[in-house]
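Reader: I should be grateful for a close look at a single part of the model shown here, set within its surroundings. Please explain the terms as they arise and proceed step by step.

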Amino acid sequence: MSGINDPFSPFTGRRGPEGADEGQRHAGQSPAPPLTCLPASGVEPPVSTRPSDPRKRGEESLPRAAQPFLGFACLLRRYGFAIAPEQITGFMQAVTLLGPRSMNDIREAALATLAPPPDRHTEFEAHFQSYFYGNTSIRTEAEADEETRVKDDGGADDERIEAEQTREGGELSSALEQLSSRDFQREDDRLTAFRRQLSSALPARRSFRTVRTHSRGKLDLRRSLREIVSADGDVPFPLLRRRQTVPRKLLILIDVSGSMKLHTADYLKLTHAAVQGADRAEIFTFGTRLTRITSALRLRDRDQALARVAGQVDDWDGGTRMGPTLLAFLSVPRFSSFARGAAVVILSDALERGGHAELETAMRRLSARAFRLSLATPLAGDPRFRPATAALSAILPSLDDLIDGSSVGSLTDFILSLARPAPRAAAIWKRVS
Amino acid sequence: MADGNVEAVATSPEAVARHLAASRYLADDSLATAIFLAIRLGKPLLLEGAPGVGKTEAAKAIAELLGRDLVRLQCYEGIDAAHALYEWNYQRQLLAIRHAGEHEIDIYDDRFLIARPLLQVLRAPEQRVLLVDEIDRSDHEFEALLLEFLSDFQISIPERGTIRATAQPIVILTSNRTRELAEALRRRCVYHWIGYPDAGREAAIIMLRAGDVAEATAQAVASAVQMIRARPLAKPPGIAEAVEWANAATILEKGGSPWPEAFRRAIGVLIKDEEDLSYIAPELGRIVEEALG
C-alpha cells in the first residue's frame with residue numbers, strides 16, 4: 001500500500017469510490033453508487049436484507065435519528081477519508097452537545113471530529129451538501145491534488161513549442177532504444193546494488209538523540225547512577241553515551257519535459273531504487289507542473305510503481321518551466337521544509353525557455369535550504385560540454401555539483417558519493433574551461 | 001469543583017467565543033465550536049494552520065478563559081522523554097548519597113524528580129493547560145510517546161511506578177503542517193484548521209491587539225494585507241505581522257510621515273524576506289492607495 005505508511009502525504013488512502021471498497025465493503029453489500037443511501041433521495045439503499053448483514057444490524061440498533069450521522073461517516077469512508085469508529089462516536093456526541101440548532105452545527109461538528117484534511121475541504125463540503133441536502137450539483141473533480149499548478153502565462157506559445165519538442169524527442173528515442181536495451185541486465189544489477197548501499201552512503205547529520213557507547217562519549221549520568229546504586233556505592237567504570245548520527249533526507253527532482261525524454265525512464269527506475277533504499281527520500285517530477293510521485297514509487301514492484309507514476313504525471317514530454325515550478329515547490333511549506341538540510345539532486349538539462357531570472361532565484365533559495373544542491377545534466381556526458389548557456393552560468397554559483405546525468409551508472413556513483421566532500425561546481429568548471 | 005467551573009465557562013460555542021474575546025482573542029464560529037467540543041468531550045484539541053495565524057495565541061486565550069496556567073512544550077527534532085516527561089536530578093542524588101553517610105536515603109524521592117511539561121500537567125490537571133507547540137517538528141518516535149500519554153494520561157517511571165492524572169487534563173496541540181501527523185494522533189483529537197481571517201475580522205483583531213491605532217488605519221492595513229497575501233510570496237504575512245505593521249505605521253505617522261509614505265516605510269515589519277520585498281515593491285504604492293481609498 002503506497003499511501004498508507006506515508007507520513008508526508010495528506011492524501012493517505014485517497015481513492016475513488018471504486019477503489020475504496022478494498023477494506024471497506026461489508027459482506028453482502030452490493031457495489032452500489034454511494035449516493036443511493038441519501039436520505040433526501042427517498043430511495044431505499046440497496047443493501048442486503050439478510051439479518052446477518054453487520055451493517056444493517058448496526059444501523060437497526062441505533063436510534064432512528066442517529067442513523068444519518070453514521071451514514072454520512074460511512075459515505076466519507078467510502079470516498080477514502082480515513083475515519084475511525086471513535087471519531088464517529090465523537091461526531092454523534094458533538095452533535096448532541098451542540099443541540100444541534102442548525103445544519104451549520106452539524107457541519108462544524110463533522111469538521112471538528114471527523115477531521116477531513118484541509119486540502120479536501122471542498123470535497124468534504126460537496127459530500128455534506130449531497131448527503132444532507134440532496135444537492136448533487138456540486139461536484140469535485142477527482143484531480144491529483146499533489147501537483148501544484150503553475151500559473152500559465154503564455155498558453156499559445158507553449159503549445160507550439162511542446163509540439164516541436166515532442167516530434168524531436170520521438171525521432172531521437174528510436175535511435176537510443178537499442179542502446180538502453182543492450183545494457184539492461186547490467187543496469188538492473190547496478191540498481192539493486194545502489195538500493196542496498198544507499199542508506200549507509202547518504203550524508204549523515206548528528207541527531208539530538210544519544211546512543212550507548214563504550215568509548216568516545218559523554219558520561220551517561222542516569223545509567224551510571226543506577227550502576228553505582230546497584231554496586232553499593234562503588235563506581236565500577238563510567239558508562240558513556242554519545243550523539244547518534246542519522247542519514248540526511250534525499251530529494252530528487254526529475255525534469256520530464258520533451259528535451260529530457262530519452263532519460264526519464266532511466267531516471268524513474270533510479271528514483272524507484274532510491275525510494276526503496278533510503279529511509280527518507282522524496283521524489284518530484286516537473287515540467288510545466290510539479291507532481292509528487294514518492295507515494296507511487298513506494299510500491300515494491302517496479303513495473304507497477306512506474307505504471308502508477310505514468311498515470312499521476314500529466315505533463316510528460318511537454319515544455320519546461322523550471323524556474324516557476326521550482327518556485328512553486330518552494331512556496332508549499334511542507335515541500336520546502338523537506339528540502340531543508342537535505343541532499344537535493346535535480347535531474348535536468350536546465351534548458352530554460354525565456355528568461356532565467358526565476359530559475360536563478362529558485363536555485364539560490366533552494367541552495368540556501370539544502371545541505372547540498374546538485375544538478376545532473378545529460379548534456380555533460382559530452383566531453384565538449386561547458387556550462388556556457390545563460391541559465392547555467394547564472395545558476396552555477398548556487399550549485400554544489402554540476403555532474404553528468406547521461407547514464408544511470410554515473411548517477412548512482414554520484415549519489416553514493418554524496419557524503420564525501422567535493423569542491424564547488426563553480427570551481428571545478430572554471431578549471432575545465 | 002473544577003469540572004463544574006469548566007462547564008460553567010463552556011456552556012455553548014457562543015459563550016466560549018465571548019470569553020475568548022474578553023481575553024483579547026477573536027475566534028470565528030468554527031474555532032469556537034471546536035474549542036467548545038474539545039473542552040466538553042474531554043479530547044485534545046489539534047490546531048493546524050500556516051505560521052502566524054494565531055495558533056499559540058489561541059492556546060493562551062483558552063488557558064486564560066479557564067483560569068489555568070499554560071504549560072508549554074515546544075517540540076523540535078530529537079525531543080525525547082527526558083525533555084518532555086521527567087528527569088532525575090543526578091547531581092543532587094549523588095550529593096545526597098554522600099551526605100547521608102551511613103543513614104538510609106531514598107534517592108527516588110520527589111525532591112530529586114524534575115517534572116517536565118507532561119508530568120507537570122499530570123500532577124495538577126485542574127490548574128494547568130498543556131500546549132504541545134509545533135508538534136510537526138518532532139519526530140515519529142515522539143509522536144508515538146505523546147499518543148500513549150494522550151490516550152491514558154499516565155506516565156510510568158520505572159523507579160516510582162505509574163503516575164495517573166486525577167482528572168482529564170486539557171491539551172492543545174499545534175502544527176504548522178510541515179509534515180503530516182500520524183492518523184492515530186489526528187483521530188484522537190478534535191481538529192481545527194485555522195485559516196487567515198477575512199478583512200473585517202482582521203481589522204477587528206488589529207484594533208484589539210495593537211496599541212493605539214485608528215480604526216481607519218486598521219481597516220486599511222487589513223485590506224492591504226489581504227491583497228499582499230494573494231500574491232505568490234515565499235512567506236505570506238501572518239496576523240502578528242499585520243498588527244506590527246499597523247503599529248509601526250502609526251508611530252511613523254506621528255513622527256511626521258504622511259499616510260501612504262508611512263505604510264511604505266514600515267513594510268519591513270510586514271514582509272521579512274528580501275526577495276518578497278523586491279517582488280512587492282513596485283506594486284506596494286498602488287496596494288496601499290487602494291486600501292486607503
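Author: Helices, as the word is used here, are DSSP runs of H or I with at least four residues, strands are runs of E with at least two, and both are numbered from the N terminus. Counted in this way, chain A has 18 helices and nine strands. The model is a predicted one, and the part chosen for the close look is the side of chain A that touches chain B.

A word on confidence comes first. The pLDDT of chain A averages 75, and 74% of the residues score at least 70. Residues 1–54 of chain A have a pLDDT below 50, although this stretch has 82 contacts in the model beyond near neighbours in sequence. A pLDDT below 50 is also found over residues 140–182 of chain A, where there are 44 such contacts.

At the interface, 34 residues of chain A are in contact with 33 residues of chain B. Six elements of chain A each give two or more residues to this side: α4 (85–98), α5 (103–114), β1 (204–213), α9 (221–230), α13 (322–331) and α14 (333–339). The largest share, seven residues, is that of α4(A). Sorted by class, this side of chain A holds 19 nonpolar, ten polar and five charged residues.

The helix α4(A) deserves particular attention. It packs against helix α3 (residues 29–41) of chain B at an angle of about 105°, and the two axes are 10 Å apart. Because angles of 65 to 115 degrees count as roughly perpendicular, α4(A) is placed in that class with respect to α3(B). From α4(A), the residues Gly90(A), Gln93(A), Ala94(A), Leu97(A) and Leu98(A) meet Thr33(B), Leu37(B), Arg40(B) and Leu41(B) of α3(B). By class, this contact has five nonpolar, three polar and one charged residues. A general point about helices helps in reading such lists: an α-helix has 3.6 residues a turn, so residues three or four places apart point the same way.

Another contributor to the side that touches chain B is α13(A). This helix is mostly covered, with eight of its ten residues buried. The buried residues are Met322(A), Gly323(A), Pro324(A), Thr325(A), Leu326(A), Leu327(A), Ala328(A) and Phe329(A). Their cover includes the strands β4 (250–255), β5 (281–286) and β6 (290–292), together with the helices α14 and α15 (357–369), of chain A.

Those strands lead to the sheet of chain A. It is an open sheet of six strands in the order β6-β5-β4-β7-β8-β9, with mixed pairing. The edges are formed by β6(A) and β9(A) (401–404); each has a single partner strand, so one side of each lacks a neighbour in the sheet. From one strand to the next, the twist averages 20°. Three bridges join β5(A) to β6(A), and the two strands run antiparallel. Within β6(A), Arg292(A) is the bridge partner of Phe284(A).

Finally, two figures describe chain A as a whole. Buried residues make up 35% of its 433 residues. Of the contacts in chain A between residues at least 6 apart in sequence, 73% join residues at least 24 apart.

Key
Residues numbered from 1 in each chain as written. Chains lettered and ligands numbered in written order. Predicted model: local features only at pLDDT ≥ 70, side-chain atom pairs only at ≥ 80, totals over all residues. Contact = placed C-beta atoms within 7 Å. Nonpolar A, V, L, I, M, F, W, Y, C, P; charged D, E, K, R; others polar. pLDDT = per-residue confidence, 0-100. Buried ≥ 20, exposed ≤ 12 C-beta atoms within 10 Å, placed from the backbone. Axes fitted to C-alpha atoms, helices over the stretch in contact; angles between N-to-C directions. Parallel < 35°, antiparallel > 145°, perpendicular 65-115°, else oblique. Pairing = 2+ DSSP bridges.
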